[in-house]
Amino acid sequence: MASSSEAHKGPRHVAIIMDGNGRWATQRGHPRLFGHRAGARRVREIVESCPGLGVRYLTIFAFSTENWKRTQNEVAGLMSLFRRYITREAQALYKNNVKVRFIGDRVRLDEKLTALMDELELLTADNDGTELTVALNYGGRDEVARATKRLAEDVAAGRLNPAEIDVETLPKYLDTYVLPDPDLVIRTSGEARISNFLLWQSAYAEYEFIDTLWPDFTPEIFADVLQGYGTRERRFGAVPG
Ligand code: IPE
Ligand code: IPE
Ligand code: MG
């Protein structure tokens with residue numbers, strides 16, 4: 001339960017729905033991929049600002065299970081951007097003591113990309129600074145479905161007793177099993193929806209929907225949003241005492 005002093009601390013785990021790259025590019029008369037490249041460049045400074053802002057866990061939504069519905073050109077461009085991004089940023093992430101994890105379903109991703117993801121996780125596994133989780137081909141419903149499948153397999157194999165299933169059980173099967181729940185979810189670009197992001201985990205998260213498009217999101221704006229969070233009172237269903 002959050003005591004009043006805890007309620008005024010900054011968020012330990014921030015999750016960001018990085019939205020608005022396409023509109024940012026369109027406003028400038030450029031193709032959507034131009035916006036995705038500008039968006040990718042923003043990620044580094046946001047990650048690097050985390051220690052100074054007291055954010056231990058940062059989870060970013062890079063590609064959803066629904067984003068395959070976009071044109072083949074945009075999807076291929078994004079996949080190639082992810083490959084280049086990992087290759088280019090790996091050393092900096094390592095040196096900055098960032099521990100990187102990927103969540104989402106890897107099955108639909110190409111082997112070159114998943115190999116780079118594995119390599120980066122391995123390279124940064126022993127880092128003990130910011131824990132960066134990248135949601136790539138991630139969907140909250142897809143994650144719950146995959147988790148349920150494995151849970152059902154454990155029941156069928158006699159490893160799990162259905163009578164003992166409670167709210168602690170399912171999270172152990174989610175991609176995020178090693179992470180605390182997000183305290184704050186930020187979505188850029190003015191849309192006030194969660195688009196299938198961290199459905200189970202965000203049950204008690206605070207939300208901030210801000211108008212800034214992702215490629216314009218700076219560490220200063222990030223700091224402002226975090227400051228706003230500090231003035232909120234989280235109740236978790238209880239009456240404040
Ligand atoms: C977010 O920006 C990045 C991804 C979903 C990959 P969008 O591409 O959704 O940008 P808008 O919402 O069209 O402006
Ligand atoms: C959510 O943004 C997914 C990511 C930011 C990766 P979308 O742009 O895909 O969401 P909708 O389509 O506006 O709901
Ligand atoms: Mg969008």
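1. In this predicted model, the shell around ligand 1 draws most heavily on helix 2, which gives 3 residues. Helix 2 (21-27), helix 3 (32-53) and helix 4 (72-95) each supply at least two residues of that shell.

2. The shell around ligand 1 holds 13 residues, and the closest of them are Asp-19, Gly-22, Arg-23, Arg-32 and Arg-70. Sorted by character, the shell residues divide into 3 nonpolar, 5 polar and 5 charged.

3. Oxygen atoms of ligand 1 take part in contacts with both backbone and side chain: a backbone N or O atom of Gly-22 lies 2.9 Å from a ligand oxygen, a polar backbone atom of Arg-23 lies 2.7 Å from one, and an N or O atom in the side chain of Arg-70 is also 2.7 Å from one. On its own, ligand 1 has 380 Å² of accessible area, of which the protein covers 87%, and the space that ligand 1 takes is the largest pocket.

4. Turning to ligand 2, the residues that surround it include Ile-17, Met-18, Asp-19, Phe-61, Arg-70 and Ser-195. Strand 2 (residues 57-64) gives the most to this shell, with 3 residues, and the shell as a whole divides into 5 nonpolar, 2 polar and 4 charged residues.

5. Which side chains place a polar atom by an oxygen atom of ligand 2? Among them are Ser-195, at 2.6 Å, Asp-19, at 3.2 Å, and Arg-70, whose side-chain N or O atom is 3.2 Å away. Taken alone, ligand 2 exposes 390 Å², and the protein buries 78% of that; ligand 2 sits in the largest pocket.

Note on methods: Residues numbered from 1 in each chain as written. Chains lettered and ligands numbered in written order. Predicted model: local features only at pLDDT ≥ 70, side-chain atom pairs only at ≥ 80, totals over all residues. Heavy atoms only, no water. Near = heavy atom within 4 Å. Polar contact = N/O pair within 3.5 Å; in protein donor to acceptor, adjacent residues only side chain to side chain. Areas by Shrake-Rupley, 256 points an atom, 1.4 Å probe, with all protein chains shown as cover. 1 Å grid on protein atoms, 1.4 Å probe; cavity = no way out; pocket = protein on both sides within 12 Å on 5 of 7 lines; lining within 4 Å. Sits in = over half its atoms within 2 Å of the grid points. Helix = DSSP H or I, 4+ residues; strand = E, 2+ residues; numbered from the N terminus. Nonpolar A, V, L, I, M, F, W, Y, C, P; charged D, E, K, R; others polar.
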